[in-house]
Amino acid sequence: LSAQILINALAKVVENKAGTARDRATAGEGLAKVQPRILDLSRRALPRVPVEGWLLLPPLVRDMNLVHNNLSALPHDLSRWKGLSKLRLDHNSLSEIPPSISVCESLTDLSISGNRLGESAVPLPPSAERLTSLTMLNLNSNSLTLLPAVVPSLTALTSLTLASNLLENLPKSIANLSCLTRLSVKNNPHLTAVPVALGACKLITLLD
């Protein structure tokens, strides 16, 4: 069973369009055998992530790529994603991330650029503070006017990218991110300065 046949079969089940019994059998059997650590479902025009598709997600997947789809929401129950260390959701139509993201306690890299997070009052849920292993967070190009309130609680972050948004200011609490080595706020036309408190982040080597 080739990796491409496996991914195509799983994609059909996830799309919930051409997912026949044979597709489900192929995907289920293949995933059970190969237990992939990387699952790439990018650029498939997926409109949603139905629960039935994620029942097939094997526990050993560590890196999931859903870039360049048409997702407007994620499943409310993300318990099958618990083992992920890298999650790429760039270039979809997401306006918020569900509270159950907190179960992904092994997540180190979360990329959500090119979405619609700026349309939500709470684009990242307070429960995200449980992501204590998260070191990289990409929120570029989301029309954000404010830094999501939970971000200063993500104290393991070493890289925070907020480029190409509509930020007007950064809160003093960003100084809580003492592990930061990179902060990107370029192409925010209304942001004219960063808070003096950022000086407490002694490890920053790249500020743009």
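Buried means under 20% relative accessible area, exposed means over 50%, and partly exposed lies in between, with a 1.4 Å probe and protein chains only. By that scale arginine 88 counts as partly exposed, because its relative accessibility is 22%.

This is a predicted model, in which local features need pLDDT of at least 70 and side-chain atom pairs count only at pLDDT 80 or more, while totals for chains, interfaces and linings use all residues. Residues are numbered from 1 along each chain as its sequence is written, and side-chain values use heavy atoms, with hydrogens and water left out.

## Overall layout

The chain holds three helices and eight strands. Helices (H or I, at least four residues) and strands (E, at least two) are DSSP runs, numbered from the N terminus. Read from the N terminus, the elements run α-α-β-α-β-β-β-β-β-β-β.

The eight strands form an open sheet in the order 1-2-3-4-5-6-7-8, and the pairing is parallel. Its edge strands are strand 1 (38–40) and strand 8 (206–207), each of which pairs on one side only. Two strands pair if DSSP finds at least two bridges between them. Strand 7 (residues 182–184) and strand 8 run parallel and are joined by two bridges. Here arginine 182 stands opposite leucine 206 in strand 8. Strands of a sheet pair through backbone hydrogen bonds, either parallel or antiparallel.

Of the 208 residues in the chain, 47% are buried. The accessible surface comes to about 9900 Å², and 53% of it belongs to carbon and sulfur atoms. These areas come from the Shrake-Rupley method with a 1.4 Å probe; for residues, only the protein chains shown count as cover. Contact means heavy atoms within 4.5 Å. Among contacts between residues at least 6 apart in sequence, 47% join residues at least 24 apart.

## Salt bridges

A salt bridge is a side-chain nitrogen of Lys or Arg within 4 Å of a carboxyl oxygen of Asp or Glu. A search of the whole structure finds two.

| Basic residue | Acidic residue | N to O distance |
|---|---|---|
| arginine 88 | aspartate 63 | 2.8 Å |
| arginine 116 | glutamate 119 | 3.0 Å |

The side chains of arginine 88 and aspartate 63 meet at 2.8 Å, N to O. This pair links distant parts of the chain: arginine 88 sits in strand 3 (residues 86–88) and aspartate 63 in strand 2, 25 residues apart. Aspartate 63 counts as buried because its relative accessibility is 13%. In the other bridge, glutamate 119 is exposed, with a relative accessible area of 54%. Its partner arginine 116 counts as partly exposed at 39%. Side chains of opposite charge can pair when their charged atoms come close.

## Asparagine 65

Asparagine 65 belongs to strand 2 (residues 63–65). At 10% relative accessibility, asparagine 65 counts as buried. Beyond four places in sequence, asparagine 65 touches Leu39, Asp40, Leu41, Ser42 and Arg88. A polar atom of its side chain lies 3.0 Å from the backbone nitrogen of valine 67.

## Core and a nearby loop residue

A nonpolar core is a set of buried Ala, Val, Leu, Ile, Met, Phe, Trp, Tyr and Cys residues joined through side-chain atoms within 4.5 Å. The largest has 46 residues, and Leu137 and Leu160 have the most contacts inside it. Neighbours within four places aside, leucine 137 is in contact with Leu110, Leu124, Val151, Leu154, Leu157, Ser159, Leu160 and Thr161.

Threonine 135 lies in the loop between strand 4 (109–111) and strand 5 (136–138). Threonine 135 is partly exposed, with a relative accessible area of 25%. Threonine 135 and alanine 156 are 21 residues apart in sequence, yet 5.4 Å apart in space, C-alpha to C-alpha. Past four places in sequence, threonine 135 touches Thr108, Ala156, Leu157, Thr158 and Ser159.

## Positive phi

Most residues other than glycine have a negative phi, and most peptide bonds are trans. Histidine 91 has a positive phi of about 60° although it is not a glycine. Histidine 91 is in the loop between strand 3 and strand 4, and is partly exposed at 38% relative accessible area. Serine 141, also not a glycine, has a positive phi of about 55°. Serine 141 is in the loop between strand 5 and strand 6 (159–161). At 37% relative accessibility, serine 141 counts as partly exposed.

Key: Polar contact = N/O pair within 3.5 Å; in protein donor to acceptor, adjacent residues only side chain to side chain.
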